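Colleague: Please put the model up, and then I will ask about helix packing, one buried site and the confidence.

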Amino acid sequence: MELDIDSLLLSWQQGDLKAFERLFPIVYDELRLLASKILKKSPYQPLLQTTALVNEAFFRLRQLKKVSLESRNHFFALAAKVVRGVVVDYVRSENGRDNRRIKVTLNETISTYFSDNIELLALDTALEKLSVLHPRGSKIVEMHFFGGMTFEEIADFLGCSISTVKNDWAFVRAWLLRELKG
């Protein structure tokens with residue numbers, strides 16, 4: 001199965017949109033599980049359904065003109081970035097409609113370090129700032145939270161050791177805590 005994904009990714013990055021269409025059913029369940037975890041405890045879950053999130057992410061992925069993917073992990077890292085964009089755009093549009101601030105409870109991996117609900121837009125702003133200060137750390141948060149990737153998968157994707165990922169995670173976790181708590 002993984003060989004199928006890798007060959008489809010190669011074809012897609014060479015411009016074959018039919019390869020992308022064949023990729024969709026192969027990774028759909030995994031992306032749906034990821035989207036479900038992200039939405040599970042969020043207050044906008046009744047409004048933003050898992051299927052809609054996955055479909056919008058795939059629509060946005062399909063619109064990309066140039067992709068550079070070497071493996072399944074590269075695809076899921078890209079998907080994590082796109083899912084983040086979909087959720088943040090949705091929250092922004094909801095905030096614009098009724099001017100309420102939407103908070104999200106992060107999954108247990110991050111929420112063990114943050115006792116309060118965190119505003120998704122504040123998290124997005126912090127991640128944008130972090131991407132300038134510590135690009136790898138920002139990617140780690142994005143892949144771990146929005147992509148559901150393990151530290152091992154992230155290390156493989158980034159081409160570094162698991163201990164480097166864990167050390168960066170400890171740093172960005174503390175940085176985000178300080179940044180989001182003000």
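Colleague: How are H8 and H9 oriented to each other: roughly parallel, roughly antiparallel, roughly perpendicular or oblique?

Modeller: This is a predicted model. In it, the axes of helix H8 (residues 151-158) and H9 lie 8 Å apart, at an angle of about 110 degrees. Angles of 65 to 115 degrees count as roughly perpendicular. The two helices, H8 and H9, are therefore roughly perpendicular.

Colleague: Which residues make that contact, and how many of them are nonpolar?

Modeller: H8 contributes Phe151, Glu152, Ile154 and Ala155, while H9 contributes Ile162, Val165, Lys166 and Trp169. Sorted by class, the contact between H8 and H9 has no polar residues and 2 charged ones; the number of nonpolar residues is 6.

Colleague: Is Asp124 buried or exposed?

Modeller: Asp124 sits in helix H6 (residues 120-133). Its relative accessibility is 8%, and the cut-off for burial is under 20%. Asp124 therefore counts as buried.

Colleague: Which residues does Asp124 contact, leaving aside neighbours within four places in sequence?

Modeller: Asp124 belongs to helix H6. With those sequence neighbours set aside, the contacts of Asp124 are Arg84, Val88 and Arg92.

Colleague: Where in the chain is confidence lowest?

Modeller: The chain has an average pLDDT of 78, and 78% of its residues score at least 70. Over residues 105-116 the pLDDT is below 50, though this stretch has 21 contacts in the model beyond near neighbours in sequence. Confidence is highest in helix H9 (residues 162-181), at a mean of 90, and lowest, at a mean of 42, in helix H5 (residues 108-111).

Methods:
Residues numbered from 1 in each chain as written. Predicted model: local features only at pLDDT ≥ 70, side-chain atom pairs only at ≥ 80, totals over all residues. Heavy atoms only, no water. pLDDT = per-residue confidence, 0-100. Helix = DSSP H or I, 4+ residues; strand = E, 2+ residues; numbered from the N terminus. Contact = heavy atoms within 4.5 Å. Axes fitted to C-alpha atoms, helices over the stretch in contact; angles between N-to-C directions. Parallel < 35°, antiparallel > 145°, perpendicular 65-115°, else oblique. Nonpolar A, V, L, I, M, F, W, Y, C, P; charged D, E, K, R; others polar. Buried < 20%, exposed > 50% of the residue type's maximum accessible area, 1.4 Å probe, protein only.
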